[in-house]
Amino acid sequence: MSELPQERRLVTAIPGPKSQELQARRVAAVAAGVGSVLPVFAARADGGIIEDVDGNRLIDFGSGIAVTGVGASAEAVVRRASAQLADFTHTCFMVTPYEGYVAVAEALAELTPGDHAKKSALFNSGAEAVENAVKIARAHTKRQAVVVFDHGYHGRTNLTMALTSKNMPYKHGFGPFAPEIYRVPVAYGYRWPTGPENCGPEAAAQAIDQITKQVGAQNVAAIVIEPLLGEGGFIEPAKGFLPALSEFARDNGIVFVADEIQSGFCRTGQWFACEDEGIVPDLITTAKGIAGGLPLAAVTGRAEIMDAAHAGGLGGTYGGNPVACAGALGSIETMKELDLAARARHIETVMKARLGAMQEKYEIIGDVRGRGAMLAIELVKDPSTKEPNPEAAAALAKACHQEGLLVLTCGTYGNVLRFLPPMVIGEELLSEGLDILEQAFTRI
Ligand code: PLZ
């Protein structure tokens, strides 16, 4: 870890004068379509702290959207990536290969669920990995249809916009979208009409019925699902839902793809969230947490499926860049050394106790959910109607930001406050962050 003191410190208003100056330059130079949660400009970051250009130190409950679980300048990531930078920045794996790419593919084969033969292909972003998983599944099955779920999020490229459920801000005005994408219900326990106990099997039956009747199982190349939905609101599919769909996929020759881009790499208290119900996906997409902040993504899966695309059919100039691969090896080394999966489970214990106590006090907290260091509260106007309360989510986030706690919102209705602290965050920062959140409820 760098020398960054692990202490919250506010020396100016948030954002401070230097951030405001930079924000003025940014508004003039950067396209308006690219937003920022909090226009505080970063100077340094590591552990549980982001230090801004004015010298403020914020507690980080966001990890750059579930990326820097090992911290934003983890020693092993910096050491390995720096050494690689000095050796060479790029040759293009499709031109002259290098060991780091192979080592990352070997690590992915070891860490992902299932003991079958596995292969990987590396890319730059999560969306690119999902696109390639679909290409591979189509090549393998010689079918076209792709099934996705309500509240799902898979990226911002054309195909992944089509796979993503929420219109605003991801899709609005950006169509037409790719064809042969079918959306079916997901097991959203909190909002399931007959209650969370019945949700898993009922939602699975509905989803499977729609696939069978509206698409035809024999036309489906892939079922793509986040084992713990991220942008859609940190929805944990109710128990039984994932096993039923993965079994349906297996019985019908459909490639079952787990999108673990947000939930993977120790985030949920296991290497991958699908391990919770013993799911072994055919393909798994990863990104974010894989490389400690460097841009890297992967598709990993059954060797015979991964090998279905013709030679030269997969690739890209930068996919599996050597510096990003070195970062990934450093990030994986750190996760193993510090047992960050266990650390995520500890964070869950601490945070769920506090969030549960807040729920008893503040009735606008309709639901507390998530696993490991991927937790959320869903805010409602009234717990009996469950009417979404996006205004409360925005106000709480703002109140936290002003006190130097970085939190993010999410959810189809924008009413979910999510917590994604780096797994390496210190105990004191974690509890101070929760204090600030609790005070925010009294302040709004
Ligand atoms: N699949 C499950 O969570 C990225 C998006 C932030 P990229 N989620 C953060 C935003 O507003 O753009 C994500 C994900 C899941 C795919 C992706 C896409 O990954 O690396 O952003 O392309």
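Which helix is Ile65 found in? Helix α2, residues 63-66. I start there for a reason of backbone geometry. Ile65 is not a glycine, yet it has a positive phi of about 60°. Keep in mind that this is a predicted model.

Staying with the backbone, let's turn to the cis peptides. One cis peptide bond joins Met168 and Pro169, and omega there is about 5°. Another runs from Gly175 to Pro176, with omega near 5°. Where do these prolines sit? Pro169 is in the loop between α6, residues 158-163, and β6, residues 181-184. Pro176 also has its place in the loop between α6 and β6. So when you look at that loop, look at Met168 to Pro169, then at Gly175 to Pro176.

Next, the ligand. How many residues surround the ligand? The count is 15. The closest are Gly126, Ala127, Arg156, Asp259 and Gln262. By class, the shell splits evenly: five nonpolar, five polar and five charged residues.

Now the polar contacts. Take Arg156, one of the closest residues. A polar atom of the Arg156 side chain is 2.7 Å from a ligand oxygen. Gln262 is also among the closest. An N or O atom in the Gln262 side chain lies 2.9 Å from an oxygen atom of the ligand. Then Lys288. Here the ligand atom is a nitrogen, 3.1 Å from an N or O atom in the Lys288 side chain. And how much of the ligand is covered? On its own, the ligand has 500 Å² of accessible area, and the protein covers 82% of that.

Last topic: a helix pair. Two packed helices are described by the angle between their axes and the distance between the axes. Our pair is α4, residues 99-111, and α10, residues 322-337. The angle is about 35°, and the axes are 9 Å apart. The crossing of α4 past α10 is left-handed.

Which residues make the contact? From α4, we have Gly100, Tyr101, Ala103, Val104, Ala107, Glu110 and Leu111. From α10, we have Cys325, Ala328, Leu329, Ile332 and Lys336. By class, nine of the contact residues are nonpolar, one is polar and two are charged.

That's the tour. Questions, please.

Terms used. Residues are numbered from 1 along each chain as its sequence is written. This is a predicted model: local features need pLDDT of at least 70, side-chain atom pairs count only at pLDDT 80 or more; totals for chains, interfaces and linings use all residues. Side-chain values use heavy atoms; hydrogens and water are left out. A residue is near a molecule or strand if one of its heavy atoms lies within 4 Å of it. A polar contact is a pair of N or O atoms within 3.5 Å; within protein, one must be able to donate a hydrogen and the other to accept it, and residues adjacent in sequence count only if both atoms are side-chain atoms. Accessible areas come from the Shrake-Rupley method with a 1.4 Å probe; for residues, only the protein chains shown count as cover. Ala, Val, Leu, Ile, Met, Phe, Trp, Tyr, Cys and Pro count as nonpolar, Asp, Glu, Lys and Arg as charged, and the others, Gly among them, as polar. Axes are lines fitted to C-alpha atoms, for helices over the stretch in contact, and angles run from 0 to 180 degrees between N-to-C directions. Helices (H or I, at least four residues) and strands (E, at least two) are DSSP runs, numbered from the N terminus. A crossing is left-handed if the near helix is turned anticlockwise from the far one by less than a right angle, and right-handed if clockwise. Contact means heavy atoms within 4.5 Å.
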